Amino acid sequence: MGGQQPVAQQDAFTRWVYGRPFFGGLWLTLGGAWILLTMKASVKVVLHVGMQGVAGYLLPTLMVLLGLLILFSPDQRLFYSITGVLVSLGTWVTSNMGGFMVGLLLGVAGSVLTFGWLPDQAPRVSRHEKHGPARPAAQGNPATDTGHHGTDTPTAQTVTAAGTPRAAQ
């Protein structure tokens, strides 16, 4: 069994999770929370707080805020994800090398997942399916007939390897 249930039979939380870039927002939020936790580390562990400590707390707080905005307002996900990756990279300088690289990587990965997420949409149709199979050209096609001694020269069409004309690109 174990197959995917129809959307109508899934619970509300599952539909909510799949209706937004959930894991991108979660990772960005966790990255910001991790950096905030490393800011509270003991003085022996802290490497660099940066700019009198203000930006060290401001940027990870913005990461948490952007992650929550992605979760609860996914319509603006592109702006939030671009801002999230820039803020995450900024924590390298301001907050213990981005929470010892863990928070920085979580923030960047979450922002990238959010940027790449697309809502449900119709499946893509290939060019071949859209235009249908190529049809052989009729004899005496005016597009290829030059009128000189009955020879055909490909002016508006290209001849494929199989010998059937195809529109030039």
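Good morning. I begin with a single residue: Met97 is partly exposed, with a relative accessible area of 30%. This methionine is found in helix H5, which spans residues 96-100. Please keep in mind throughout that the model before you is predicted.

Met97 also belongs to a nonpolar patch on the surface, together with Trp92, Val93, Met101 and Leu105. Together these five residues have about 450 Å² of accessible area.

Let me stay with one of the partners of Met97 in that patch. Where does Met101 lie? Met101 is in the loop between H5 and H6. Its relative accessibility is 32%, and therefore Met101 counts as partly exposed, since that class runs from 20% to 50%. The backbone of Met101 also deserves attention, as its phi is near 70°, a positive value in a residue other than glycine. As general background, most residues other than glycine have a negative phi.

A second residue invites a similar remark. Asn96 is not a glycine, yet its phi is positive, at about 50°. Asn96 has its place in helix H5. Is Asn96 buried or exposed? With a relative accessible area of 0%, Asn96 is buried.

I now turn to the chain as a whole. The protein chain has seven helices and two strands. Reading from the N terminus, the order is α-α-α-α-α-α-α-β-β, with the helices placed ahead of the strands. Of the 169 residues in the protein chain, 29% are buried. The chain exposes about 11800 Å², and carbon and sulfur atoms supply 65% of that area. As for contacts with a separation of 6 or more, 68% of them are accounted for by residues 24 or more positions apart.

From the overall view I move to one element, helix H3. This helix covers residues 54-72, which gives it 19 residues. From its first C-alpha to its last, H3 reaches 27 Å, close to the 27 Å expected at 1.5 Å a residue. Which residues of H3 are buried? They are Ala55, Gly56, Leu59, Pro60, Met63, Val64, Leu66, Gly67, Ile70 and Leu71. The cover over these buried residues includes helix H1 (12-18), helix H2 (22-39), helix H4 (77-94) and helix H6 (102-116).

Several of these H3 residues appear again in the interior. The largest nonpolar core has eight residues in all, namely Leu28, Ile35, Leu59, Met63, Leu66, Ile70, Tyr80 and Val87. H2, H3 and H4 each supply at least two residues of this core. The largest share, four residues, comes from H3.

Within this core, I would single out Ile35. What does Ile35 touch, leaving aside residues up to four places away in sequence? Its contacts are Pro60, Met63, Thr91, Ser95, Gly98, Gly99, Gly103 and Leu104.

My last residue is Thr29, which has its place in helix H2. Thr29 has a relative accessibility of 14%; because this is under 20%, the residue counts as buried. Not counting residues up to four places away in sequence, Thr29 touches Met63, Val64, Gly67 and Leu68. Met63 is thus touched by Thr29, and Met63 is also on the list of contacts of Ile35.

That concludes the presentation. Thank you for your attention.

Note on methods
Residues numbered from 1 in each chain as written. Predicted model: local features only at pLDDT ≥ 70, side-chain atom pairs only at ≥ 80, totals over all residues. Heavy atoms only, no water. Buried < 20%, exposed > 50% of the residue type's maximum accessible area, 1.4 Å probe, protein only. Contact = heavy atoms within 4.5 Å. Areas by Shrake-Rupley, 256 points an atom, 1.4 Å probe, with all protein chains shown as cover. Expected span 1.5 Å × (residues − 1). Core = buried A, V, L, I, M, F, W, Y, C linked by side-chain atoms within 4.5 Å. Patch = residues over 30% accessible without salt bridge, like charges linked within 9 Å, V, L, I, M, F, W, Y side chains within 5 Å. Salt bridge = Lys/Arg side-chain N within 4 Å of Asp/Glu carboxyl O.
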